[in-house]
Structure formats: structure tokens, C-alpha cells
Amino acid sequence: MNKIIPISILLLILITGGCRQSRSSSSEEKVEQQSVRIEGRIGDGHGQELMIEEMAAREYIPADTAICDENGQFLLSFTPAQTSFYALRTESSSYITLLIEPGEQITLDIPPDDLAAYAVKGSPGSALLRDLSLEHKRVLDELGEIARQNT
């Protein structure tokens with residue numbers, strides 16, 4: 001009977017350790033699956049630096065930076081903890097707001113002279129934000145035209 005207790009304790013420790021190891025490798029796979037990849041092209045973006053930053057409550061938290069190649073192509077990669085808003089900043093201090101979920105594989109195509117006319121694939125939230133931004137700009141332009149006509 002006295003030998004059974006130490007053996008039982010030893011087996012319990014080995015089983016618990018094995019479970020912990022299994023959980024650890026499972027969480028590593030989960031993190032790998034949740035990484036975000038943003039690739040794209042900026043017209044006339046050769047050598048331009050881009051930065052993606054999480055838009056936190058009181059600050060911007062850098063997530064990754066990239067330099068555009070000779071064709072204006074870039075690649076950003078990071079692992080967000082949760083769905084959040086991000087700002088993709090260019091050297092000219094212009095930015096695109098994205099709503100990114102863990103695991104998204106995003107493609108951006110940004111024309112040379114109009115950052116607001118970008119195309120986005122692979123991120124439904126970011127596509128909705130783009131549509132909202134374009135509609136907002138359209139309404140502001142119409143209001144401006146009405147104001148000009150009435151002065």
C-alpha cells in the first residue's frame with residue numbers, strides 16, 4: 001500500500017506534465033494560425049517606408065514596418081491579440097484605417113496619387129471601413145458644393 005501512493009503521485013506528475021506540453025504546442029499552432037499578413041503595392045512607392053500601428057485607446061502601438069521594393073510592393077506581418085483598428089501609415093503621414101482580425105491575409109492595392117482610392121481584399125471589416133470612408137468623402141463633397149452655391 002505504501003508503494004502505491006508514491007507510484008500514483010509519480011504517474012500523476014508525468015500525466016500532468018504531458019498535458020502541459022500538449023497544450024503548449026497547441027497554443028503555438030494557434031498563434032501561428034492567427035498571424036496577419038498584409039501584402040500589397042503602392043504605385044510610385046519605390047523605397048517608401050510603411051508602418052502598421054494598432055490604434056489603442058490612448059496611443060498607437062507599432063506592429064511592423066516595411067520598405068517598398070522597386071515595384072512598390074511591400075509585406076507586413078504581425079500577430080494581433082484580438083480584432084482591432086490599425087493605421088497603415090506612409091512616409092507622407094497619410095494613413096489608411098484597417099479593421100483587422102487575427103488570421104487575416106490581406107491584399108492592398110494603392111494607386112500612386114490617391115491613398116483614399118485603395119482596394120482591399122481578405123479583410124471584410126477593412127473593406128467596410130473603406131466603403132464608409134468613400135461614402136463619407138462623397139457626402140462632404142456634396143455639402144461643400146451646396147455651401148459654395150449658397151454663398
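How many salt bridges does the count come to? The count comes to 8 salt bridges, and a few of them are introduced below. Please keep in mind as you read that this is a predicted model.

## The overall layout

Let us start with the big picture. The secondary structure of the protein is made up of 2 helices and 8 strands. Reading from the N terminus, the elements follow the order α-β-β-β-β-β-β-β-β-α.

The protein has 151 residues, and 23% of them count as buried. Among contacts with a separation of 6 or more, 50% are between residues 24 or more positions apart.

## A salt bridge between two strands

Our first stop is a pair of side chains: Asp-109 and Arg-41 meet in a salt bridge, with 3.4 Å from N to O. Asp-109 belongs to strand 7 (residues 105–110) and Arg-41 to strand 1 (residues 36–42), so this pair ties together parts that are 68 residues apart in sequence.

Are these two partners buried, exposed or partly exposed? Asp-109 is partly exposed, at a relative accessible area of 38%, and Arg-41 is also partly exposed, at 35%.

## Salt bridges along helix 2

Helix 2 covers residues 124–149, and in this helix Lys-137 and Asp-141 sit 4 residues apart, a separation of about one helical turn. Their side chains form a salt bridge of 3.1 Å, N to O. Lys-137 counts as partly exposed at 42% relative accessibility, and Asp-141 counts as partly exposed at 41%.

Another pair in helix 2 is Arg-148 and Glu-145, which are 3 residues apart, about one turn of the helix. Their side chains meet in a salt bridge with an N to O distance of 3.4 Å. Here the partners fall into two classes: Arg-148 is exposed, with a relative accessible area of 54%, whereas Glu-145 is partly exposed at 36%. Glu-135, Arg-138 and Glu-142, in turn, are joined into one network by salt bridges that share partners.

## The largest pocket

Now for some empty space. Rolling a probe the size of a water molecule over the atoms shows where such space is left. The largest pocket has a volume of about 160 Å³.

Which residues line the largest pocket? They are Tyr-95, Ile-96, Thr-97, Leu-115, Ala-116, Tyr-118, Leu-129, Arg-130 and Ser-133. Strand 6 (95–100) and helix 2 each contribute at least two residues to this lining. Sorted by class, the lining contains 6 nonpolar, 2 polar and 1 charged residues.

## A closer look at Ser-123

Where does Ser-123 lie? Ser-123 is found in the loop between strand 8 (119–121) and helix 2. At 3% relative accessibility, Ser-123 counts as buried, because the cut-off for buried is under 20% relative accessible area.

What does the side chain of Ser-123 reach at 3.1 Å? The answer is the backbone oxygen of Leu-99. The side chain of Ser-123 is also joined to the side chain of Ser-126 by a polar contact of 2.8 Å. Leaving aside residues up to four places away in sequence, Ser-123 touches Leu-99, Glu-104 and Ile-106. Leu-99 therefore appears twice in this picture, as a residue touched by Ser-123 and as the owner of the backbone oxygen that the Ser-123 side chain reaches.

Definitions and conventions. Residues are numbered from 1 along each chain as its sequence is written. This is a predicted model: local features need pLDDT of at least 70, side-chain atom pairs count only at pLDDT 80 or more; totals for chains, interfaces and linings use all residues. Side-chain values use heavy atoms; hydrogens and water are left out. A salt bridge is a side-chain nitrogen of Lys or Arg within 4 Å of a carboxyl oxygen of Asp or Glu. Buried means under 20% relative accessible area, exposed over 50%, partly exposed in between (1.4 Å probe, protein chains only). On a 1 Å grid over the protein atoms alone, a cavity is a set of points where a 1.4 Å probe fits but cannot get out, and a pocket is an open set with protein on both sides within 12 Å along at least five of seven lines; lining residues have an atom within 4 Å of a point. Grid points are joined across faces, edges and corners, and a volume is the space filled by probe spheres set on the points. Ala, Val, Leu, Ile, Met, Phe, Trp, Tyr, Cys and Pro count as nonpolar, Asp, Glu, Lys and Arg as charged, and the others, Gly among them, as polar. A polar contact is a pair of N or O atoms within 3.5 Å; within protein, one must be able to donate a hydrogen and the other to accept it, and residues adjacent in sequence count only if both atoms are side-chain atoms. Contact means heavy atoms within 4.5 Å.
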